[in-house]
Number of protein chains: 2
Amino acid sequence: MDTFLSEGEIMPRVNARASCGRDFHCCPDISIAIETACRAGYDFVCLPLVNPRFKREFMSGPAKDRKCALTRSDMCLSSQDWNSLVVGKTSPWFQLDSKHYHTRKNSELALKEELTWSAHLGLPAVLMPLRSRNCVNLAQCISEQVTTSYYQQQYWIQVPLVSPADMCDPVIEGMDTDMVDDKYEDTWAWWNLFRSLCDSNKRLGVALELTADLPSNEVMERWLSEPVKAVIVSTSLFLTNHKGYPVLARPHQAFIKQMFKLEAQVIITGQDRHPEKTIRAYQQYIDHLWQTQDPLDTVSQFAKGYEDFLQSPLQPLMDNLESQTYEIFEKDPIKYSQYQKAVYEALKDRVPLEKRDEQDVVIMVVGAGRGPLVRASLAAAQEIGVRIRKLYAVEKNPNAVITLENMKDEEWGDLVEVISCDMREWEAPEKTDILVSELLGSFGDNELSPECLDGAQRYLKEDGISIPEKYTSYLAPVMSSKLYNEVRASKAERGKPPEAPFEMPYVVRLHNCANLDKPQPVFTFVHPNKDVVIDNCRFKSLEFNVSHDAIVHGFAGYFDSNLYKDVTLSIVPDTHSPGMFSWFPIFFPIRVPIMMSKNSTVTVDIWRRCTPKNVWYEWAFRCGGQVSPIHNPKGRSYTIGL
Amino acid sequence: MDTFLSEGEIMPRVNARASCGRDFHCCPDISIAIETACRAGYDFVCLPLVNPRFKREFMSGPAKDRKCALTRSDMCLSSQDWNSLVVGKTSPWFQLDSKHYHTRKNSELALKEELTWSAHLGLPAVLMPLRSRNCVNLAQCISEQVTTSYYQQQYWIQVPLVSPADMCDPVIEGMDTDMVDDKYEDTWAWWNLFRSLCDSNKRLGVALELTADLPSNEVMERWLSEPVKAVIVSTSLFLTNHKGYPVLARPHQAFIKQMFKLEAQVIITGQDRHPEKTIRAYQQYIDHLWQTQDPLDTVSQFAKGYEDFLQSPLQPLMDNLESQTYEIFEKDPIKYSQYQKAVYEALKDRVPLEKRDEQDVVIMVVGAGRGPLVRASLAAAQEIGVRIRKLYAVEKNPNAVITLENMKDEEWGDLVEVISCDMREWEAPEKTDILVSELLGSFGDNELSPECLDGAQRYLKEDGISIPEKYTSYLAPVMSSKLYNEVRASKAERGKPPEAPFEMPYVVRLHNCANLDKPQPVFTFVHPNKDVVIDNCRFKSLEFNVSHDAIVHGFAGYFDSNLYKDVTLSIVPDTHSPGMFSWFPIFFPIRVPIMMSKNSTVTVDIWRRCTPKNVWYEWAFRCGGQVSPIHNPKGRSYTIGL
C-alpha cells in the first residue's frame, strides 16, 4: 500500500465557480472599468500598464527627452484592489529580440520600467506575449526579474495554441501532410525554449490563447503538464445559440474543461459581440462550463487536494504504521474484495468439491495489520464452504497486534491465532496451504514483498499457494515541470549528497503531468520462489518512443499483480482496478531533464540492487547522445531498509 | 592582463623520462615478473588479478561449489610494491552486459570480487576493457565502486582508438566514403556513454589502445580533452629499423608524443618480437620518443605546471595588485614592445615630420602601474624624435605610486608627472594628445577597460588618440572533462547560490581541452566612444558547427586589440602574438554539459550587463532542443566591481 496519508497541512481546495477575468485593450478610467467588470460577474481585469500609444525612447529619437508621467497614478486604486483585481499587461510595441539595436534597447528599458511599476503596484501577475521562438533576449530580461526580486509576482506568458502563421497559411494548405508537419510551428517549443532559458522558474506561468483551430490531441496533451494559469478566450470564438447567447464549439468546450482541471482561470478578450445579452453572458457561459464538469470519480475524490504532492514512500518494514494509516487503507472498496475473491478461488482449487467435508486447510496471513486480510480470508472460506483448521495472523507491529487480539476475542475465536512476530523470523508450528500477504508498494516490489515472502515461504507447503502469486512493476517516462520544480525545491537531508532529492522516488498523485508513452513492464516476482539461489536483484533497459518534442522529467511507476490466477489488482493506467485508491503512482525524477525531439527514443535503465541490509533502485536515462548519470549509485541517497 | 599568478602551492612537474609499463597476460611468479620488467627499464607491470582460467560460478554451474584460493596471496609482495609497481587487470571473460542472466550475474559477482581484492592490495589502478557501446551494466558496477569506496584507486578504461570491427571489415572496404562514415564505430562514443553514466567521476581514466590504423585527426583530437592515463602499445605495431631495433611508424610516433603532453604513461603489451634486442628495446624506444619531444615554446614554459588550473580573473579596479604580480607582467617580452610601436606610430601621425621642431605633445598613461607603459611611451618619443611636453602617469594604487615617484626622481625627471588618483575622478589640468592604457582582460573588456576609458576620455583632445583604439572578445565552445570536474569540485562562496562555481568565468591555461570550432568575435569596443548615450551593455548570439560527436563543457574566451592601426595584441589562437604570456584564455563553464551529435550546431548567447556599480556576463547554450538556463542572471554569482 502506498498512497497519500492525510496530514493536516494539505487541504483540498474546491472552488464553487470558475474564476473569470475581463481583458481591456485600453482603459481611460480604471475604477469604472473594474466596476463594470465586477458587476458583470468577472473576478478580475487585465489592463495595459501604460497607455499603448505612450512609447518611450531612451537612447535617441524625438521622444527621448519627453517629460511627463509614465502612466496613471497608483492613487487611483487602493492597494488591496491592485493586489487582487488587476493583471497588468506590458506594452504591445515591445520587440526585445529585434535585430535593430535601438528598437531592442528601447524595448528592454521600457519593459524594465513597466515591470518595476507593476511590482510597485503589487499586481498579482503580469501578462506578456510570446510571439515566436525568437525570444532569447526577452528570456534574459525576465530571467533577471524572477531571479532577484523578492516580490513573488507571477509572469503569465501568453502563448497561442496554434501559431498565427499556421492558421491561414496558403502555402500549407497546398502541401501534403508530411510537409505540413514539418512546417508546423510548435508553440509549445516557444514556451519551452523561453522557460528553459529562465531555468523553469516557478514564477512563470502560461496564459494559453485559445485559437479557432485546435492542434492534435497529442500536442494539446503536453499542455496538461505545464503551469497553465489562464486560458485567453476571444469573444470572436463564440458562436450564438438559438436563444441568442454566446456559446463555444464542442472542441473548445472540451479544451477549457481540461484546463479547469489545472485550476486555470479564463480571460475574456475582445469586444462584446452579443450586446443584447451584455458582456456578462460570456462569464456566465464559462461558469456554466465549470458547473457542468464531470463529477470526480472515487479515486479523484479521495485524492482531491493531494495532486502532485510528493511523499516519501512508506517503509512499513522499518517503521510501524499508525492507526490512522491503517484506517485509510482499510477503507479501500476494491482491494479487500479482490483478496476475498482470490482466497475463494484458491480454496476452490485446493479443496475439490467432493472433499470439502473431510479436508480442511491452514491459512497464514503475514503482515496482518489490523485484520482486513484475515476477515477477507474467513469470508472467502465461509462463502465457498471450505473449513479452515487454523488461520495464523502474523504481524510485527505490536500496536496492530493489540487490535488483532481484540478482534480474536470479540469475533474470530480460537480459529485464529495471532502471532506477534516478524514473518521472516517466526518459527511456524506447521506448514500452510495458503500464504496471504499484501506487502506491495506502488512500484510492486518497493516495500520489499520479495524479501519478506522469501523469508516466509519456509512455512508454505511444497504445493502451497501464495496470494499474491505474481506482481510486475511498470514505468513510463513523464513530463511535468511541476514535479521537477517540487523535487528541485526539496533540500537533501543531513548527511545525504546535495543531489539526494533527485535520487529517490516519490509517491504522488500525478496530475499536472503527461505520460510520454505507454507504460512497459519492468520487474516481475513470482511466489513461491523455487530458484536454487534466490536473486532479487534486477536490471532492465526499456525503450520508449515519443511522438512530439517533449522534456523527460523522470518516469512514473505502477504495478499490477495476479493475486491468484486471473484475480488481479492494478494501478497501471490502462488496466487500473476501478475505484481502488490504496496506491498512488510512484515518481522517479531525473537530475537534468532530457530534451527529446519528435519521433525519438528514450531508454530507461533501471536496477534493483540488494544487500542483506537493504534494497534500492538505481536508474539512468539515455536519448541519442544525451546520457544521464546513473542515479542513486550504491543507494547513497535512498535505500529501503530490510 | 590576466594570467597565472605564481603561488607557492603549484609546482611545475617535469619528468626526466617517459613512464613505461610492461603488460603480462599471465604471470606464474609475480616477483620474477616484476624483477624482469624493472631490469629491462620498465616502471610498472600490468598483471591479471586472477588466473585467466579461473572462472568462478556463483549462481549455478559445475564450479559453483569449488573451494580454493581465488588467486595468489597478498604476501608475495610488500605493500609498497603492490602500491607502486602493479596495475591489476580484470578477468577477460567478463560479460557484464550479456543478455544471458547467468553470464551477466557471474560476471558482476566476479568483477566485484576482483575489485575488492585490488582495493585490498592497494593497487594504484585497475585496467579493464570497454569493447562496445553495450556497457550500461558495467557502468553501473563501476559507478557504485567510484561513488562509495574511500580508497582513491583509479579505474583505467581500455578503449581501442579504432574499433576492431572497423579495422578489417570487408563490407566497409567495398563501400563509398559516405557510407563508411555512418558505419564507422566511434570508440570515443563508447567511452563517453560509459563515463556519462558514471557521472564523469574523476577516478575514471582512459587507457587508449593504439591500433594499426589511426582515425582522422579530428577524431583523435577529441582524446586530447579526455583524462588519458595510458597508451597501450602492442609489440606487433613496431617495425624493425635497419639496425634491427623496434621502431614505430611516424603517425604512431606523433600520436604518442601528443599523449605525452597529457602525461600519459605507455604500456607495452604482447610478446617480444625483437628477442635479439630484448624487451628492453621497446622501453628504450618509448623513452627516445620522450627525449625527442619538441622543446616548449616561451608561453608553454612560462605556463608549465599551471595547465588547467582555474583562477578567478583579476579585479584590478577593486583590488590593488601586489608587487609580485606587477613583476610577472612586466616581464612580458612582447606586450610593451607592441605598445612602444603603437605610440611610435601614433606620434608619427600626430606630428608630421616637418613640424617636429615646433610641435610637442601631451601623453597620459592611465593605470600606469609601476611604469612600463611610461617607459614604452618615452622610448617611442625618443625613437621618432617627437618632443613630449608632459607625460602624466595616473595610477590609483598608492603602492605602485611609490615606485613611480622613485622612477621619476631617479630617471624621468620633470617631464613626467605622477598623479595618485583614480582616472575616473582625476581633474586633469589640460587635455591630452594621446591616452595610453592597458586595462584589458583575457576577454578584452572584462577588467572594465570600457568603463574606465569612458571616464578618462574627458581629458582627451577632440582629435586625440586612445591606445588601444579598439578591442574585441572572441569565444569558441570547448570540450574538457578535466575543466568540468575542476569547476564541479569548487564550492560556492558563502552567500552565493550553489550553482555559483558554474556561473563565473575562470582564467586558465587550457591544456586537457579541445576547441570544438574556430573562435568567433563577440563584443567590440572603440575608444574614444563618441555615442550620445554611451551603452556598454552588449548581447550577441553566435552559432558554431561541430563536425563530430562531442560534449560542450563551456566556452573559451580570447581577445585581440588594435593598439593603434595595425599594431595589435592577440591571444586568439590563430593570431596569437608570439611569445606574449600576459594573458591566458578565459573559460566560461556550463552547468549541464550539452551532448552534440556530429554536424550539429550549438548557439552561444552572451550578454554584457552593466549597472553603475558593477558589470557582469550572462550566457546560455542552445543545441537543437537542448537549452541551458541563462547563467549568472542579474550577476547573482559573479560581478566585476566598478
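**Exercise 1. State what share of chain A is buried, and outline its fold.**

Solution.
- In this predicted model, chain A has 642 residues, and 59% of them count as buried.
- Next, take the secondary structure. Chain A comes to 18 helices and 27 strands.
- Last, the extent. Along the principal axes, the C-alpha atoms of chain A fill a box of roughly 105 × 55 × 55 Å.

**Exercise 2. Trace the salt bridge of Glu144(A) and classify both partners by accessibility.**

Solution.
- The partner is Arg609(B), with the closest N and O atoms 3.0 Å apart.
- The pair crosses between chains: Glu144(A) sits in helix H4 (residues 136-148) of chain A, and Arg609(B) in strand S24 (residues 600-610) of chain B.
- Buried means under 20% relative accessible area. Glu144(A) has 3%, so Glu144(A) counts as buried. Arg609(B) has 11%, so Arg609(B) is buried too.

**Exercise 3. Locate the salt bridge between Arg608(B) and Asp445(B), then name the network that includes Arg609(B).**

Solution.
- The closest N and O atoms of Arg608(B) and Asp445(B) are 2.6 Å apart.
- The pair links distant parts of the chain, 163 residues apart. Arg608(B) lies in strand S24 of chain B; Asp445(B) lies in the loop between strand S14 (432-437) and helix H17 (449-456).
- Both Arg608(B) and Asp445(B) are buried.
- Now the network. Salt bridges with shared partners join Arg104(A), Lys105(A), Glu108(A), Glu144(A), Asp535(B) and Arg609(B).
- For scale, the whole structure holds 70 salt bridges over all chains.

**Exercise 4. Decide whether the residues of the UniProt "binding site" annotation gather at one spot or spread out.**

Solution.
- List them. The unreviewed UniProt entry covers Tyr326(A), Lys335(A), Tyr336(A), Glu395(A), Asp422(A) and Met423(A).
- Check the spread. They span 98 residues in sequence, and the farthest two C-alpha atoms are 23.4 Å apart, so they do not all gather at one spot.
- Examine one of them. Asp422(A) lies in the loop between strand S13 (416-420) and strand S14 (432-437) of chain A. Its relative accessible area is 14%, so Asp422(A) is buried.

**Exercise 5. Place Glu438(A) and Glu410(A), and say for each whether it is buried or exposed.**

Solution.
- The unreviewed UniProt entry puts the feature "active site" at Glu438(A) and Glu447(A).
- Glu438(A) lies in the loop between S14 and helix H17 (449-456) of chain A. At 8% relative accessibility, Glu438(A) counts as buried.
- Glu410(A) lies in helix H16 (residues 398-412) of chain A. Its relative accessible area is 65%, so Glu410(A) is exposed.
- Glu410(A) joins Glu405(A), Asp409(A) and Glu411(A) in a negative surface patch.

Conventions:
Residues are numbered from 1 along each chain as its sequence is written. Chains are lettered from A and ligands numbered from 1 in the order in which they are written. This is a predicted model: local features need pLDDT of at least 70, side-chain atom pairs count only at pLDDT 80 or more; totals for chains, interfaces and linings use all residues. Side-chain values use heavy atoms; hydrogens and water are left out. Patches are made of residues with over 30% relative accessible area and no salt bridge: like charges are joined within 9 Å, nonpolar side chains (Val, Leu, Ile, Met, Phe, Trp, Tyr) within 5 Å. Accessible areas come from the Shrake-Rupley method with a 1.4 Å probe; for residues, only the protein chains shown count as cover. A salt bridge is a side-chain nitrogen of Lys or Arg within 4 Å of a carboxyl oxygen of Asp or Glu. Lys and Arg count as positive and Asp and Glu as negative; His and the chain ends are not counted. The place of a charge is taken as NZ of Lys, CZ of Arg, CG of Asp or CD of Glu. Helices (H or I, at least four residues) and strands (E, at least two) are DSSP runs, numbered from the N terminus. Buried means under 20% relative accessible area, exposed over 50%, partly exposed in between (1.4 Å probe, protein chains only). UniProt positions are given in the numbering used here, feature names are shortened, and annotations may be inferred rather than shown by experiment.
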